Amino acid sequence: MQHKRMTSQNQGRLTIIPSLQLPPPKNHCKQLIHTASISKELTNPTLSLPLMKKIRNFCIIAHIDHGKSTLADRLLEHTKTISEREMMAQVLDDMDLEREKGITIKSHAIQMNYVHNGEQYTFNLIDTPGHVDFSYEVSRALAACEGALLLVDATQGIQAQTISNLYLAIENDLEIIPVINKIDMDGAMIAEVKDQVMDLIGCKEEEILLASARNGIGIEEILTAIVERIPAPKGNPEAPLQALIFDSMFNSFRGIIAYFRVFNGSIKKGDTIRFISTDAEYEADEVGILKLGLQPANEVKTGDVGYIITGIKNAKEVKVGDTITLSGNPGEPIKGFEEVKPMVFAGIYPVSTDDFAELRECMDKLQLNDASLTYEIETSQALGFGFRCGFLGLLHMEIIQERLEREFNQTVITTVPNVSFHAYTTKGEKLIVNNPAEMPDTTKLDHIDEPYIKAQVISLPEYIGNIMTLCLGKRGILINQSYLTTTRVELIFEMPLTEIVFDFYDKLKSQTRGYASFDYSPIGYREADIVKMDILLNSEKVDALSALIHRSRSQDFGRKLCEKLKELLPRQQFQIAIQAAIGAKIIARETISAFRKDVTAKCYGGDISRKRKLLEKQKEGKKRMRQIGNVEVPQEAFLAVLKLD
Ligand SMILES: Nc1nc2c(ncn2[C@@H]2O[C@H](COP(=O)(O)OP(=O)(O)OP(=O)(O)O)[C@@H](O)[C@H]2O)c(=O)[nH]1
């Protein structure tokens, strides 16, 4: 994954200190008058050429709540893609429609028609997910566009996510149209926000559009700007097919639906197509364009955006970023494809060991529509059979856990998340360790390497001190500090990935009062003094609570974890010793004193059936506990590590 880059030019007053890999300053708004760019290789114009000149592929990028969905609704209304009545009906019918048509309305992509100066244009609005865990997918969606509307809330100004999304757009060489939204509001600071925008992207004041998505102000101007400023797609309709997959979704009836943008050639119904990264070939059962739902067509041509259904049932076979080409006349892969690798690993176990088979079925189904989820079976002494899962990040992990609970009705135990380490043995072997249990014995270990990331934090200058303290405390090394505008600062650190897995986001948020954006990209492995810390309950090792951690952190971490477990474990009829140990050495200890809860105490007299009932009830409650040796451990204790202060 490439790191994001940034340009900023302030009409002669350059206000930035260049960050790493800074490209030459470039005015991304300069293309006021659109000149249709036609590929030089295009020697044999065909009928699709005029069509291509009339296509505009774009996305909307914005900080959360700046009005992206509202603006998209207005664009759909103004272009009569959706009537006002449909808009209402759709909200209500959402779920049914989704099931019927197999498309989430207004997400992924939608096509609109717009008439400008008597000529009809085709707009493809491509939707992008919005979190750092999925930044690869965002970057692929942006790669399918030629332009982006950069939406900024007039009452809030430039915010963290505005900047990180802008980075991705600039990296993909998109034409940026700045739009200040919510100008109807009392607190709108139009002049100030204009200055910020000019500072940030180096555009002229007259290039900034003003709008109120809620009241429909400025919508015509935005539509006109899309026609005039965003370049038409380039490409050769006669060349071998090259179509970029920017998203996919799973439909239980039709299988995987892949969304793509054609860069060269065209794709027809019935073609034998090939996915370049897997070399798998399929017949195009259906191709088409994306209107309110899927609209089948015979062909999707150069420059256009469409979908394909091939009957594939497994999301793993259709990879975002991959290139579709034709079997008989293959084109080259489109640059930038990456195999997305899991960054964070954790065990997922059924609460009751009997439910393993059911959980397995659910995991299989979940993976069908989430190709980035990886898992394999593992066993834990404490938890029995379960899965070691790989996630793109912590948010992804939370999403999977929540989907298992909501969509599949599974209550699961998630174990301590960890990153993937490389352990080198004294015999010179290299082992990939995704689970603390796999770490070889210290006597056989030569050294351990841990993954490093380049972390980028964007915030306000007044928080520089707090961010530095936080990142340096997490073993970060400051690489660069630069001002993007007079009020926005960017800090680049190199940090161990393991340090951001637990509580980095939360700490960063509280240290900057929510005013920071954070992004990272892997930069390889470095040697580190990593130890395996075990937790013992009455001398019994609980493998599900083991963690791989830097030695300098272990003492503090062990102590806090023991304290947290003391809070979370219920008192029992005997004393419980909670210990943290590295090898044979105990580094922390807490004790829970004995306590006898006699639920039958109130039943004096000899009513044996009532006594039995109460004891049965107590047993029910215990089913949600796990027995470790003689200690009963509630579910939440396995996640204690995530709740440390
Ligand atoms: N007053 C006013 N409110 C607006 C305008 N545009 C959007 N809003 C409101 O701002 C809130 C957020 O708008 P959304 O369109 O949901 O924003 P979003 O960027 O799509 O938000 P996320 O999907 O959460 O990222 C909603 O309550 C909108 O009604 C506007 O032009 N004026």
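**Close-up views of a predicted model**

**View 1. A hairpin and its second neighbour.** In this predicted model, β24 runs into β25 through a hairpin of 2 residues. The two strands, β24 (residues 477–485) and β25, are antiparallel and joined by 7 bridges. To find your way along that ladder, look for N480, whose bridge partner in β25 is I492. β25 also has strand β23 (residues 445–459) to pair with, again antiparallel, this time over 8 bridges. Here K454 is the residue to pick out, as it stands opposite E494 in β25. How much of β25 is buried? Of the 9 residues in this strand (residues 488–496), 7 are buried, so the rest of the structure largely encloses it.

**View 2. Strand β1, covered on both faces.** Strand β1 spans residues 55–62, and 8 of its 8 residues are buried. In a regular strand, side chains take turns between the two faces of the sheet. For β1, that puts I55, N57, C59 and I61 on one side, with R56, F58, I60 and A62 on the other, and both sets are buried. Note that the list includes N57 and R56 alongside residues such as F58 and I60.

**View 3. The parallel partners of β1.** Strand β3 (residues 119–126) pairs with β1 in the parallel sense over 4 bridges. A handy landmark is N57, which faces N124 in β3. Strand β4 (residues 147–153) is parallel to β1 too, with 5 bridges between them. On that ladder, A62 stands opposite L151 in β4.

**View 4. D127, in a loop after β3.** Follow the chain to the loop between β3 and α4 (135–143) and you'll come to D127. Is D127 buried or exposed? It counts as buried, because it has 20 C-beta neighbours inside 10 Å, and 20 is the number at which a residue is called buried. For a sense of scale, the C-alpha atom of D127 is 22 Å from that of E299, a residue 172 places away along the chain.

**View 5. Around the ligand.** The shell around the ligand holds 15 residues, and those that come nearest are G67, K68, S69, T70 and R214. Which helix gives the largest share of this shell? That is α2 (residues 68–78), with 3 residues. Sorted by class, the shell is a mix of 4 nonpolar, 6 polar and 5 charged residues.

**View 6. Helix α2 by itself.** Several residues of α2 are buried, namely K68, L71, A72, D73, R74, L75 and L76. K68 is also among the residues that come nearest to the ligand. After the helix comes K80, where phi is positive, near 60°.

**View 7. The largest nonpolar core.** In soluble globular proteins, nonpolar side chains tend to be buried together. The largest nonpolar core here has 164 residues, and C59, L125, A148, L150, F246 and F260 touch the most other members. Strand β8 (residues 255–264) is the top contributor, giving 7 residues to this core. Zoom in on L150: setting aside neighbours within four places in sequence, it is in contact with I61, L166, I176, I177, P178 and V179.

**View 8. An open antiparallel sheet.** This sheet is open and has 8 strands, which pair antiparallel in the order β11-β10-β16-β7-β8-β15-β12-β13. Why do β11 (280–283) and β13 (294–297) each have a side without a neighbour in the sheet? They stand at the edges with a single partner strand each, so one side of each is left free of a neighbour there. From one strand to the next, the twist averages 40°. Take β10 (residues 272–275) and β16 (residues 323–326) as a sample pair: they are antiparallel, with 3 bridges, and I273 sits opposite L326 in β16.

**View 9. F250, in the same sheet's β7.** F250 belongs to strand β7 (residues 242–251), one of the strands in the open sheet. It has 21 C-beta neighbours inside 10 Å and therefore counts as buried. Its C-alpha atom is separated by 8.4 Å from that of D370, though their positions lie 120 residues apart along the chain.

**View 10. Zooming out.** The protein chain as a whole has 14 helices and 33 strands. Of its 645 residues, 43% are buried. Among contacts with a separation of 6 or more, 71% are between residues 24 or more positions apart.

Terms used
Residues are numbered from 1 along each chain as its sequence is written. This is a predicted model: local features need pLDDT of at least 70, side-chain atom pairs count only at pLDDT 80 or more; totals for chains, interfaces and linings use all residues. A residue is near a molecule or strand if its C-beta atom, placed from the backbone, lies within 6 Å of it. Ala, Val, Leu, Ile, Met, Phe, Trp, Tyr, Cys and Pro count as nonpolar, Asp, Glu, Lys and Arg as charged, and the others, Gly among them, as polar. Two strands pair if DSSP finds at least two bridges between them. Axes are lines fitted to C-alpha atoms, for helices over the stretch in contact, and angles run from 0 to 180 degrees between N-to-C directions. A nonpolar core is a set of buried Ala, Val, Leu, Ile, Met, Phe, Trp, Tyr and Cys residues joined through C-beta atoms within 7 Å. A residue is buried if 20 or more other C-beta atoms lie within 10 Å of its own, exposed if 12 or fewer, and partly exposed in between; C-beta atoms are placed from the backbone. Two residues are in contact if their C-beta atoms, placed from the backbone, lie within 7 Å.
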